[in-house]
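User: I have a structure here that I want to go through piece by piece. Can you take questions as I look at it?

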Protein chains: 2
Amino acid sequence: MQTDQKLASLRAVMAAENIDAYIVSNADPHQNEYAADRWKSRAWLSDMHGSNGTVVVTKDWAGLWTDSRYYEAAELELAGSEIELVRMNDIGVLDILTWLKSNLTEGQTVGFNGADTGLRQAREWVKSFQQAQIKTNTQLDLIERIWEDRPAPPQGELFIVDDSYAGKSIEEKVNEVRDKMNEQGVEAYLLGRTDESCWLLNFRGTDIKDSPTTYCYTLITEAAVTFYVDPGKLTSTSKQKFQTAGITIKNYDAIVEDLTVLHPSQRLLIAPNHISYQLAEAVKHCTCIESRPIVTDLKSIKNETEVRHLKQVLIDDATAMVKFFTWLHAGIKRGEKITELSASHKLESFRAEMTGFRHVSFESIMGYASDGAIVHYAVDETSDKVILPENIFLIDSGGNFLHGTTDTTRTIPMGESSQQQKNDYTLVLHSMLDLLTVEFAEGATGAQLDGICRQAMWKHGRNFKHGTGHGVGFGLEVHEGPQGISGKNLEEMKLGMITTVEPGCYRPGEHGIRIENMVHTVLSKETEFGRFFKFENLTFCPINTDLIERSILPQQHIDWLNAYHAEILVKLSPSLNEEEQAWLKHECRAI
Amino acid sequence: MQTDQKLASLRAVMAAENIDAYIVSNADPHQNEYAADRWKSRAWLSDMHGSNGTVVVTKDWAGLWTDSRYYEAAELELAGSEIELVRMNDIGVLDILTWLKSNLTEGQTVGFNGADTGLRQAREWVKSFQQAQIKTNTQLDLIERIWEDRPAPPQGELFIVDDSYAGKSIEEKVNEVRDKMNEQGVEAYLLGRTDESCWLLNFRGTDIKDSPTTYCYTLITEAAVTFYVDPGKLTSTSKQKFQTAGITIKNYDAIVEDLTVLHPSQRLLIAPNHISYQLAEAVKHCTCIESRPIVTDLKSIKNETEVRHLKQVLIDDATAMVKFFTWLHAGIKRGEKITELSASHKLESFRAEMTGFRHVSFESIMGYASDGAIVHYAVDETSDKVILPENIFLIDSGGNFLHGTTDTTRTIPMGESSQQQKNDYTLVLHSMLDLLTVEFAEGATGAQLDGICRQAMWKHGRNFKHGTGHGVGFGLEVHEGPQGISGKNLEEMKLGMITTVEPGCYRPGEHGIRIENMVHTVLSKETEFGRFFKFENLTFCPINTDLIERSILPQQHIDWLNAYHAEILVKLSPSLNEEEQAWLKHECRAI
């Protein structure tokens, strides 16, 4: 079906239901960062496939709101359809809410599917439309009625993460959560985001591309832990493990009914960002305490077992990277045709050889030359570039392993580099090493650390528009809160957290540079002024030194790099063949 | 009347009004940082005079909640009364709301005076008590009924700030505000905080000690600007100035009535932190847009005229400081008895000689030796220390001038200093100069800048528990938002803002160190990555160099200090006598 035919079908069901405007997004019921295809309603309707986009359809108009990252791609994707591109970052452009309030009249009705819209978002819409005397209908999934070959809910099998990897049993984790529930004075807690359940019940899922979670809920009360999941996903092993731990298993859909009958005296903890409007409506009769999930904080502090495994995973990950770099340089030298896409596949195949590899942790960003300047670049057949023995190549990739999640970025020269490339690269490296070697007081926030990182780049008139770093899950999502390093992040950087450090520098149309390591927050010292923390470096993939402009990199950073590369040689060489060892040895030479 | 007698009277009126618990604070109707004596109900009732404290009285119990800064003082102040000290920073201590919910039963009533309780605070209380089935009565000022000699509302005269100081006429400012009202889609805007009206209408007040504001409101609509103030405060000059600018003048109390009759179709902008619960109730029939005051942002960006005047004021202010330092050192040398209190009076008298001086901008912090370690130290007769020719002396003071507000801290040695004092001092200076010389991207937040400032101290295991800096008003409040430099401040540092930079280091029982300059955000450069800002230093008071441990201060900071002191000699010498010039010359010698 063409987009305009889909719009016609949608308008027909809108008319039948007395809906004057309908909002269509790609959200799933858990507001996951990555969703299964079944929930990609907006992508299906509009053919726009970027990560951020919302379509609004009225009787005589249709528009798609997206941010500046996707302007160019969306324009091509929407070409030929009646859907107008709304550039939400442009000055004077109305947001969806304001646009609808300006274009509908009192008494008209806006519809959206409350079952896959987050409570926070939906509540804002409902309240604002009410003030403007516009009605809302949140009960209708109109896309379901017109999307004939819509994918069924995924049926990916669960697998258990052994306690020897997780470091804590289900029972221990449940006890920890119940302690926190007592502290917060709640009798029930709904784990809305899917990775909360994965962490608590020591399992992973296979429902969603590039994500290790599954569609599920867990409800903890003082008396029971109930896991809502499609029973077809359970193997006998996982079923037995859950039963032994005293977990009750119910059908995924049973959550609605169970919440509806929850006793009104119960104080229930829910997270408004990770519960759908429909579910929140089902527990309106209880006292809902809206707060961030208890599991968010618990799982952000990695235990010793998790850290130990992650360290090994990152050695394996770096080994795969070195194998890839050796292959890439040799191939280019031999004049073989290597493209961003073929390089991406090759890198994935090297990672796949490593113990415990499940899948990539996100779609690799293979940004050769000017493609490196597109921060969220996703290569496909149409954009694929041939790698030439010139310019620079930004590679941001990672793996999801049974016992750890990785995320590494390196920028390498493919031939001679310009003075500007070296200058940009050295400043990025300067900033990155400033943060890798910082000491900070307990209680320091992501924003404070972000300022420290950017200082060297700011001094030289450089900046980058993305955050400096994000938390990483243990064999879970590659972007995991609560902590993060950015100018607006007020979360404290706590002992045991795992975070990326990834400053960058981008010149549109020319090149992009980013260097990214993962770090672990550890104790540095304790004085009469309190505890001070530092970052333990976890990533041992060589950092190219040909691109360094020595005169602007402080000597202590050069010393750091030399020690780093000496350590890498020791750690990685045993797993490499002769050719790879030779490449690594050259790359790790002292400067 | 003794405290326990006051409590008995209060309980009698509580019983008569069926109030089971009554909350008493020091808040005034505008939630001003400094309030007139009339509104110091908690201080009157409890005899506790710190800036933070709230009393809760029930039939058979009374308690005062305060933070750790005041534990010691409050214990003495409450001694002999039945009021129990509640240490709100201690672990496990319930906050007022939770305590009341735990100690009252369903159907009982909590009372507080809605006329001087901020909307945000009151709304939280009312909502939470309602959920717990506890009633609230917000209509009663029970303190008014029992406080026989309660001061009347202050009657301080207003005075006009000439446009040649303000840099903009009332009409220009009103136009700017109306433009912003249009942008935000509001038809009316209530200026709740008193300094908003001072800024808009180019006047200052004399109602409140250490504060240049007056009790007033301004209501701006598309058709009118109405200034609500006691007419007894107006001189013929101010009256004429307001009339010429088209301002309608009404009695202070008339605001309630005018809001009550505001047309329901009006969209009214109010700031929930600076409007009382009672006033908010009066406009419940309108669509209230809760947002931060339009004037907050406008007045934080100082215009060229304001900056020019402030620069002159800060030269005068530093001149007064140098006269004071000369007097202090000579007196101590001669063996005169000088105490923290007498030094404070002398410093004020030097400031008072300067053009345009009105009053101190806050109570001076004169922290000799261990008193310097008490961050919010306020010297009085009982704590007054004699200054000896030994140890170090922290002096944090400022003046409110007709054409600028100042805030300066210096720490000076009174004799030989210990290695630790020098080490602490040098690290504080290092941090301060790191921030004074930083360059940062447009959009940088206070938290990012705070991290940059603390980095040197963190590295050496030092930290301080207060913010690094705050905004300063123009001839207005010495603490003025929105910007600030602290780990939790997400406001952007914008061009034209005036801010303090004041890191410190405190060793309880030993000494305290703080060094504070005021800075002006200016453009540093523009590159393809955007605009970059820096701080222009505004304070020209010598920074002691005897306390510097040279080996840990970077050479560029030593160069900065030498250039700074050379500039100070040129700027200040012409206004000093021979003795003062000699002192300054020695203090400003190159190191």
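Analyst: Below are short answers on some helices, a sheet and one glycine; keep in mind that the model is predicted.

User: Start with chain B. At what angle do α14(B) and α19(B) pack?

Analyst: The angle between α14 (residues 304–333) and α19 (residues 578–587) of chain B is about 90 degrees, and their axes are 9 Å apart. Angles of 65 to 115 degrees count as roughly perpendicular, so α14(B) is roughly perpendicular to α19(B).

User: Which residues meet there?

Analyst: α14(B) contributes Val322(B), Lys323(B), Phe325(B), Thr326(B) and His329(B). On the α19(B) side are Glu579(B), Glu580(B), Trp583(B) and Leu584(B). By type, the contact has four nonpolar, two polar and three charged residues.

User: Any general reason for spacings of three or four within a helix? Why do such residues point the same way?

Analyst: An α-helix has 3.6 residues a turn, so residues three or four places apart point the same way.

User: Over to chain A. What span should α14(A) have, and what are its ends doing?

Analyst: Helix α14 (residues 304–333) of chain A has 30 residues, which at 1.5 Å a residue should span 44 Å. Its end C-alpha atoms are 43 Å apart, so the two values agree. Gly335(A) follows α14(A) and has a positive phi, near 80 degrees.

User: Different topic: the sheet in chain B. What is the strand order?

Analyst: The order is β12-β11-β10-β8-β13-β14 in chain B, an open sheet of six strands with mixed pairing. β12 (247–250) and β14 (287–290) of chain B are at the edges with a single partner strand each, so each has one side without a neighbour in the sheet. From one strand to the next, the twist averages 20 degrees.

User: How do β10(B) and β11(B) run, and how many bridges join them?

Analyst: They run antiparallel, and four bridges join β10 (residues 217–221) to β11 (residues 225–228) in chain B. One of the pairs is Ile220(B) with its bridge partner Val225(B) in β11(B).

User: Which helix packs on that sheet?

Analyst: Helix α8 (residues 170–184) of chain B, which touches β8 (188–191), β10, β11 and β13 (267–270) of chain B. The directions of α8(B) and β10(B) make about 60 degrees.

User: Last one, Gly356(A). Where is it found?

Analyst: Gly356(A) is in the loop between α15 (340–352) and β15 (357–360) of chain A.

User: Buried or exposed?

Analyst: In between. Gly356(A) has 16 other C-beta atoms within 10 Å, and buried would need 20 or more, exposed 12 or fewer, so Gly356(A) is partly exposed.

User: What does Gly356(A) touch further along the chain?

Analyst: Leaving out residues up to four places away in sequence, Gly356(A) touches Val313(A), Phe401(A), Leu402(A) and His403(A). Gly356(A) and Leu402(A) are 46 residues apart in sequence, but their C-alpha atoms are 5.0 Å apart.

Definitions and conventions
Residues are numbered from 1 along each chain as its sequence is written. Chains are lettered from A and ligands numbered from 1 in the order in which they are written. This is a predicted model: local features need pLDDT of at least 70, side-chain atom pairs count only at pLDDT 80 or more; totals for chains, interfaces and linings use all residues. Axes are lines fitted to C-alpha atoms, for helices over the stretch in contact, and angles run from 0 to 180 degrees between N-to-C directions. Helices (H or I, at least four residues) and strands (E, at least two) are DSSP runs, numbered from the N terminus. Angles under 35 degrees count as roughly parallel, over 145 as roughly antiparallel, 65 to 115 as roughly perpendicular and the rest as oblique. Two residues are in contact if their C-beta atoms, placed from the backbone, lie within 7 Å. Ala, Val, Leu, Ile, Met, Phe, Trp, Tyr, Cys and Pro count as nonpolar, Asp, Glu, Lys and Arg as charged, and the others, Gly among them, as polar. The expected span of a helix is 1.5 Å times one less than its number of residues. Two strands pair if DSSP finds at least two bridges between them.
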